[in-house]
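These entries record what I looked up, item by item. I began with charged pairs, then turned to the core and the ligand.

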Amino acid sequence: MTNNNQTKEFSDGQIDLVSFSLCPYVQRAIIILDEKEIPHNRTYINLADKPDWFKKISPLGKVPLLQTEQGVLFESAVIGEYLDEVTTGSLHPIDPFEKARHRSWIEFGSTILAAIAGLYSAQDSKAFEDKRAVITSKFEQLEVQLRDTNFFSSDNFQFIDAVYGPIFRYFDTFDLFMSDNFFATTPRVLKYRQNLSIRPSVIQAVPEDYQSRLIDFLLKKDSHLSRIINKKAA
Ligand SMILES: N[C@@H](CCC(=O)N[C@@H](CS)C(=O)NCC(=O)O)C(=O)O
């Protein structure tokens, strides 16, 4: 149902988020759905064996994908913006510059995810160390953007925080196997990580067995990190 303000009241079963249990981009959409209390279904698929129905409706073959009565949306940023726009209130700052600045740092968050993927896929210690340095340096860039607030720039949870929660979650698993402290030089980023780790919407964005699934995924990479995990487990 649409009112004059274009806000929508979603009912159960009206929208479906096609998801993959480990995907940080899917988590962004789930966190926004939860923060905005939007009823929805989730359909989890196996990306290693994509169902034919998914291949038919997914132009890029990627999750997240939002199926709505009006059609399909893809790309996490687009899905998040849509959900934010059609529901009451906005998770973005009101000031146009500040909103744009947040969007810039959302893009930056995606480059951290790329560096994390590079870290867990690195085949040797040299490539691994290179990626470790890239991640640390990105956290140092993020550090100077943060203030003494609970989240990115506010004590209230905002859209951008749905991006950084899933990024920091990787380090809960990395901490089990690595002695590297990725946050040694970035106390504000560390505090931001801690605050996001206890946010209910961030916690519920992954299945309960997320960590064991992630470890299985990391081991299958047959990478430098896989070997570190195997050594620690031996
Ligand atoms: N830019 C996309 C990235 C989404 C993405 O990379 N999803 C991954 C899983 S985390 C995917 O579906 N990959 C397809 C595959 O593995 O075949 C977004 O923001 O939605």
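Is Arg213 buried, partly exposed or exposed? I noted first that the model is a predicted one. Arg213 has 38% relative accessibility, so I entered it as partly exposed.

**Entry 1: the partner of Arg213.** I looked up the salt bridge of Arg213 and found Asp209 as the partner, with the closest N and O atoms 3.0 Å apart. Asp209 is also partly exposed, because its relative accessibility is 33%.

**Entry 2: a network.** I then followed salt bridges that share partners, and these join Glu129, Arg132 and Asp180 into one network. Within it, I checked the pair Arg132 and Glu129, whose closest N and O atoms are 2.8 Å apart. Both residues belong to helix α5 (residues 125-143) and are three residues apart, so about one helical turn separates them. For accessibility I recorded 23% for Arg132, which therefore counts as partly exposed. Glu129, at 35%, likewise counts as partly exposed.

**Entry 3: a buried pair.** I counted the salt bridges in the structure and obtained twelve. I singled out the one between the side chains of Lys36 and Asp84, at 3.0 Å from N to O. Lys36 sits in the loop between α1 (24-35) and β2 (41-44), while Asp84 sits in helix α3 (residues 76-85), so this pair ties together parts that are 48 residues apart in sequence. I noted that Lys36 and Asp84 are both buried.

**Entry 4: the nonpolar core.** Which residues touch the most other members of the largest nonpolar core? I found Phe139, Tyr164, Phe168 and Phe174, in a core of 68 residues. I also noted that domain 1 (16-85) and domain 2 (96-233) each supply at least three residues to this core. I listed the contacts of Tyr164, leaving aside neighbours within four places in sequence: Trp105, Phe108, Gly109, Ile112, Leu142, Tyr192 and Leu196.

**Entry 5: the ligand.** I looked up what surrounds the ligand, and the residues include Cys23, Pro24, Tyr25, Leu47, Gly61, Lys62, Pro64 and Ser76. Lys50, Val63 and Glu75 are also among the surrounding residues, and I examined their polar atoms individually. A polar side-chain atom of Lys50 is 2.6 Å from a ligand oxygen atom. For Val63, I found a polar backbone atom 2.9 Å from an oxygen atom of the ligand. On Glu75, an N or O atom of the side chain lies 2.8 Å from a nitrogen atom of the ligand.

Key:
Residues numbered from 1 in each chain as written. Predicted model: local features only at pLDDT ≥ 70, side-chain atom pairs only at ≥ 80, totals over all residues. Heavy atoms only, no water. Salt bridge = Lys/Arg side-chain N within 4 Å of Asp/Glu carboxyl O. Helix = DSSP H or I, 4+ residues; strand = E, 2+ residues; numbered from the N terminus. Buried < 20%, exposed > 50% of the residue type's maximum accessible area, 1.4 Å probe, protein only. Core = buried A, V, L, I, M, F, W, Y, C linked by side-chain atoms within 4.5 Å. Domains from an automatic or database assignment. Contact = heavy atoms within 4.5 Å. Near = heavy atom within 4 Å. Polar contact = N/O pair within 3.5 Å; in protein donor to acceptor, adjacent residues only side chain to side chain.
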